[in-house]
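Student: Hey, I've just opened a new structure and don't know where to start. Can you walk me through it?

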Amino acid sequence: MTDSSGVSLSPRAQGGELADPRYRVAPAFQGVPDYDDELSLSELVIILRRRWLFVVVAAVLGVAAAFVFHSRRQVTFVAAAVVQIETPGQAAVGTVGQILAEGQSSGNNILSRLQLIESYGFLSGIVDELGLRLQQVEGDPAGRPTRAMIAGEAMPDTLDVLYSGDRVTVASRLTDVRATGAYGEPLEVGPVRLSFAAPEEAALEATFVITGRDVAIRNLSDALSTEIRPETNIVDVTATSTDPELARTIVNRVVERFAQVNEETNQTESQNRTTFIQEQIAEARTELDSTQTRLTDFRRREGIVSAAQL
């Protein structure tokens, strides 16, 4: 049936129920069956049996991912050393607090000495002496040279190393210069000087690249750290590297070089201080002689007789 507006109405029987089953309304809540959400051990076993292939594949992939992660993760080694900073006026003084009590300039002198380790000139010397620009890109790590020195003017290059019998050959791809010699003998390829130990294998090849000097200096700066122990003039120096032997070599050379430079600086400052004192003594003696001369002239003019003349 329709109303006066033409809208279709649902026919209802007495009591308000729908006479036509097509318009029967579902109850608002019919209830939810009560399920047990806990799995028994037998049900779990059944599920695992059905999904055994999936479980095995997931376990294998997990083990493989863990292996790849650990194999690619680089292990970093830390080598540490201790250095005591002494200045000419502080050789017998043990703490920074005592130094500052004597004068702020002495404390600043120690800080300036410590900053020497971070200076470009100091780091560049370490890079050249230890050949830190040399990086192995191919071959067995056992083929690394036992000693390397690379001059600062050396250009980036690639070096091929061939171990054969009782001799080793180094060839430069940039200049085509080759050098052959016995194990342990220094080989010079332009501005590069290398020494190699005899390998365990009969024949071994390796390839090295010489990186830019500034890059090597920046890498060394990142690998080094210094820290002053509170209220002391003792400094902890550490070096980090993926090669434990290289980390130890770097920190030892840094401490040795710093001791040398510090001693040279102390000697220079002592000489400068001695020279300054001698100049002051000479000036004081000249002033004293001039004063005595003026005093003698004054007495002569005024007719003053000193007690020594009586």
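Tutor: Sure, we'll start with the overall picture and then go through some of the details.

Student: Okay, what kind of model is this?

Tutor: It's a predicted model.

Student: How many helices and strands are there in the protein?

Tutor: The protein has seven helices and 11 strands.

Student: And how many of the residues count as buried?

Tutor: 26% of the 310 residues do. The protein exposes about 21,400 Å², and 55% of that comes from carbon and sulfur atoms.

Student: What about contacts between residues at least 6 apart in sequence: what share join residues at least 24 apart?

Tutor: That share is 57%.

Student: Let's zoom in on H5. Which residues are buried there?

Tutor: Phe122, Leu123, Ser124, Ile126, Val127, Asp128 and Leu130 are the buried ones in H5.

Student: What do they pack against?

Tutor: The buried residues of H5 pack against S3, H6, H7 and strand S10, which covers 224-228.

Student: What follows H5?

Tutor: Glycine 131 does, and its phi is positive, near 60°.

Student: Switching topic: how many salt bridges are there?

Tutor: The count comes to seven. One of them joins the side chains of arginine 213 and aspartate 128, at 2.7 Å from N to O. That pair links distant parts of the chain, with arginine 213 in helix H6 (residues 213-223) and aspartate 128 in helix H5 (residues 120-130), 85 residues apart.

Student: Is aspartate 128 buried or exposed?

Tutor: Aspartate 128 is buried, because its relative accessible area is 15% and the cut-off for buried is under 20%. Arginine 213 has 23%, so it counts as partly exposed.

Student: Which residue does arginine 253 meet in a salt bridge?

Tutor: Arginine 253 meets glutamate 129, with 2.6 Å from N to O. Again the pair links distant parts of the chain: arginine 253 sits in helix H7 (residues 244-302) and glutamate 129 in helix H5, 124 residues apart.

Student: How accessible are those two?

Tutor: Arginine 253 has a relative accessible area of 17%, so it is buried. Glutamate 129 is at 23%, so it counts as partly exposed.

Student: Got another salt bridge for me?

Tutor: Yes, the side chains of aspartate 160 and arginine 173 meet in one, at 2.9 Å from N to O. Aspartate 160 is in strand S4 (residues 157-164), while arginine 173 is in the loop between strand S5 (167-172) and strand S6 (178-182), 13 residues away. Aspartate 160 counts as partly exposed because its relative accessibility is 27%.

Student: Which residues do shared partners join into one network?

Tutor: Glu129, Arg253 and Glu256 are joined into one network by salt bridges that share partners.

Student: Now sheets. What's the order in the open sheet of three strands?

Tutor: The order is S3-S8-S7, and the pairing is antiparallel. Strand S3 (147-150) and strand S7 (187-189) are the edge strands, each pairing on one side only. From one strand to the next, the twist averages 15°.

Student: How many bridges join S3 to strand S8?

Tutor: Four bridges join S3 to strand S8 (residues 192-195). In that pairing, isoleucine 150 stands opposite valine 192 in S8.

Student: Which way do the side chains of S3 point?

Tutor: They alternate along S3: Ala148 and Ile150 point to one face and are buried, while Arg147 and Met149 point to the other and are not. In a regular strand, side chains alternate between the two faces of the sheet.

Student: Where is proline 156?

Tutor: Proline 156 is in the loop between S3 and S4. Its relative accessibility is 47%, so proline 156 counts as partly exposed.

Student: And what does proline 156 touch?

Tutor: Leaving out residues up to four places away in sequence, proline 156 touches Arg133, Leu174, Ile210 and Gly212. The C-alpha atoms of proline 156 and leucine 134 are separated by 9.5 Å, and those two residues are 22 apart along the chain.

Student: Last one: which residues form a nonpolar patch on the surface?

Tutor: Leu53, Val57 and Leu61 form one, with about 290 Å² of accessible area together. Leucine 53 has its place in helix H2 (residues 52-72).

Conventions:
Residues are numbered from 1 along each chain as its sequence is written. This is a predicted model: local features need pLDDT of at least 70, side-chain atom pairs count only at pLDDT 80 or more; totals for chains, interfaces and linings use all residues. Side-chain values use heavy atoms; hydrogens and water are left out. Helices (H or I, at least four residues) and strands (E, at least two) are DSSP runs, numbered from the N terminus. Buried means under 20% relative accessible area, exposed over 50%, partly exposed in between (1.4 Å probe, protein chains only). Contact means heavy atoms within 4.5 Å. Accessible areas come from the Shrake-Rupley method with a 1.4 Å probe; for residues, only the protein chains shown count as cover. A salt bridge is a side-chain nitrogen of Lys or Arg within 4 Å of a carboxyl oxygen of Asp or Glu. Two strands pair if DSSP finds at least two bridges between them. Axes are lines fitted to C-alpha atoms, for helices over the stretch in contact, and angles run from 0 to 180 degrees between N-to-C directions. Patches are made of residues with over 30% relative accessible area and no salt bridge: like charges are joined within 9 Å, nonpolar side chains (Val, Leu, Ile, Met, Phe, Trp, Tyr) within 5 Å.
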